[in-house]
Amino acid sequence: MSLMRSLLLAAARNQWLREHATRYSFVRGTVSRFMPGETLDAALAAAESLRSKKIGTVFTHLGENVKDHAEVRQVTEHYLEVLKRIRASGLQAEISVKLTQLGLDLSPDLCFEHLKAIIERAQKDSIVWVDMEASNYVDATLDLYRRALTAHPNVGICLQAYLHRTKDDLAKLLPLRPSIRLVKGAYDEPPEIAFARKQDVDESYFELGKQMLRAKKENRCVRAAFGTHDVALMRRLADFAAAEGFGKKDFEVQMLYGIQRAEQERLASEGCTSIVLVAYGSYWYPWFVRRLAERPANLWFMVRNVFAA
Ligand SMILES: Cc1cc2nc3c(=O)[nH]c(=O)nc-3n(C[C@H](O)[C@H](O)[C@H](O)COP(=O)(O)OP(=O)(O)OC[C@H]3O[C@@H](n4cnc5c(N)ncnc54)[C@H](O)[C@@H]3O)c2cc1C
């Protein structure tokens with residue numbers, strides 16, 4: 001892992017920086033590249049614009065490691081409101097939640113109750129996605145996901161290709177007919193836990209992606225979604241899907257708002273399922289710094305904003 005990526009991922013966890021950096025207009029200006037605004041209305045407006053390009057949306061209200069019961073209730077209420085607004089607008093949209101935002105640090109049972117309330121309110125033909133966080137949360141996240149999936153088929157999980165364990169996790173999940181969004185992984189993990197070299201992460205992603213597509217073909221995986229902006233990897237998986245006889249619509253890619261926009265539109269115009277994850281909310285600092293870490297060149301946008309301010 002590059003030194004810059006490590007430094008940025010350490011900065012993402014730094015409380016002092018979170019409190020101070022977010023006050024600067026050049027930082028806020030750079031954030032707007034990755035999120036349409038802090039409010040749900042701004043996120044819904046972005047989804048409307050994506051809809052006009054045949055691109056679907058997944059909403060995520062930013063926040064993590066919530067350790068206050070009242071705040072967990074507020075987050076859940078907020079997601080119930082989002083589901084109501086999605087239904088009212090007729091948008092092709094879903095939501096993605098972080099379990100530590102739903103009280104996982106307080107208690108897994110409490111977190112499960114909140115997750116269940118959200119899943120039960122979601123439309124049955126849509127998926128409530130569960131994000132995957134740092135490696136110390138993977139066991140608890142998978143346990144809660146299995147519990148949720150046993151009762152409700154409309155829940156999906158994010159798996160991270162950089163983790164050595166993901167191959168086994170995927171094999172254990174497939175008998176339950178999961179929905180899976182595969183990503184590379186955004187956290188700072190040691191080499192005992194995660195592949196350190198990009199090449200190894202990419203190969204792991206490709207192998208896991210092929211397994212997901214095979215499972216989907218055999219009806220053992222409800223949704224096989226590729227959460228990546230890596231065009232070369234996407235093409236390799238699209239070629240594999242085509243060779244396996246998949247129609248375009250069954251090839252699903254999810255990307256983040258503001259990244260690889262042309263690719264998002266190209267996939268949609270070719271008839272693939274193209275979805276954009278729209279994040280919003282005021283607690284954007286750690287999420288934003290993880291975006292910088294993915295592509296340290298993004299720091300230059302921030303430098304440009306310093307001079308533009
Ligand atoms: C829909 C979605 C959901 C996600 N959910 C999770 C999750 O729950 N848990 C988790 O750990 N991670 C999550 N991630 C983040 C993921 O793990 C990666 O950190 C991130 O997607 C970057 O990896 P990449 O696959 O795009 O490949 P990379 O090899 O990092 O990037 C490929 C190319 O994409 C472009 N690119 C990538 N990132 C950026 C960026 N930030 N800014 C500008 N250009 C960029 C660059 O051109 C780069 O060369 C999610 C990502 C997506 C798209």
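**Figure 1. Helices and strands of the predicted chain.** The chain holds 13 helices and eight strands, and the model shown is a predicted one. Along the principal axes, the C-alpha atoms fill a box of roughly 55 × 45 × 40 Å. How does the radius of gyration agree with that of a compact globule? A compact globule of 309 residues would have a value near 19 Å, and the chain has 18 Å, so the two agree.

**Figure 2. The ligand in its pocket.** Here we move in to the ligand, which sits in the largest pocket. Around the ligand there are 27 residues, and those that come nearest are M132, K184, G185, T228 and E294. Sorted by class, this shell is made up of ten nonpolar, eight polar and nine charged residues.

**Figure 3. Strands and a helix that build the shell.** Which elements each supply at least two residues of the shell around the ligand? They are the strands β4 (155–160), β5 (179–183) and β7 (252–256), together with the helix α12 (285–294). With three residues, β7 gives the largest share of the shell. E294, at the end of the range given for α12, is also among the residues that come nearest to the ligand.

**Figure 4. Polar contacts to oxygen atoms of the ligand.** Let's take the contacts one residue at a time. E294 places a polar side-chain atom 2.6 Å from an oxygen atom of the ligand. For G185 the partner is in the backbone: a polar atom there is 2.7 Å from a ligand oxygen. K198 takes part through its side chain, with an N or O atom 3.0 Å from an oxygen atom of the ligand. How much of the ligand's accessible area does the protein cover? On its own the ligand has 930 Å² of accessible area, and the protein covers 87% of that.

Key:
Residues are numbered from 1 along each chain as its sequence is written. This is a predicted model: local features need pLDDT of at least 70, side-chain atom pairs count only at pLDDT 80 or more; totals for chains, interfaces and linings use all residues. Side-chain values use heavy atoms; hydrogens and water are left out. A residue is near a molecule or strand if one of its heavy atoms lies within 4 Å of it. A polar contact is a pair of N or O atoms within 3.5 Å; within protein, one must be able to donate a hydrogen and the other to accept it, and residues adjacent in sequence count only if both atoms are side-chain atoms. Accessible areas come from the Shrake-Rupley method with a 1.4 Å probe; for residues, only the protein chains shown count as cover. On a 1 Å grid over the protein atoms alone, a cavity is a set of points where a 1.4 Å probe fits but cannot get out, and a pocket is an open set with protein on both sides within 12 Å along at least five of seven lines; lining residues have an atom within 4 Å of a point. A molecule sits in a cavity or pocket if more than half of its atoms lie within 2 Å of its grid points. Helices (H or I, at least four residues) and strands (E, at least two) are DSSP runs, numbered from the N terminus. Ala, Val, Leu, Ile, Met, Phe, Trp, Tyr, Cys and Pro count as nonpolar, Asp, Glu, Lys and Arg as charged, and the others, Gly among them, as polar. The radius of gyration is taken over C-alpha atoms; the globule rule is 2.2 Å times the number of residues to the power 0.38.
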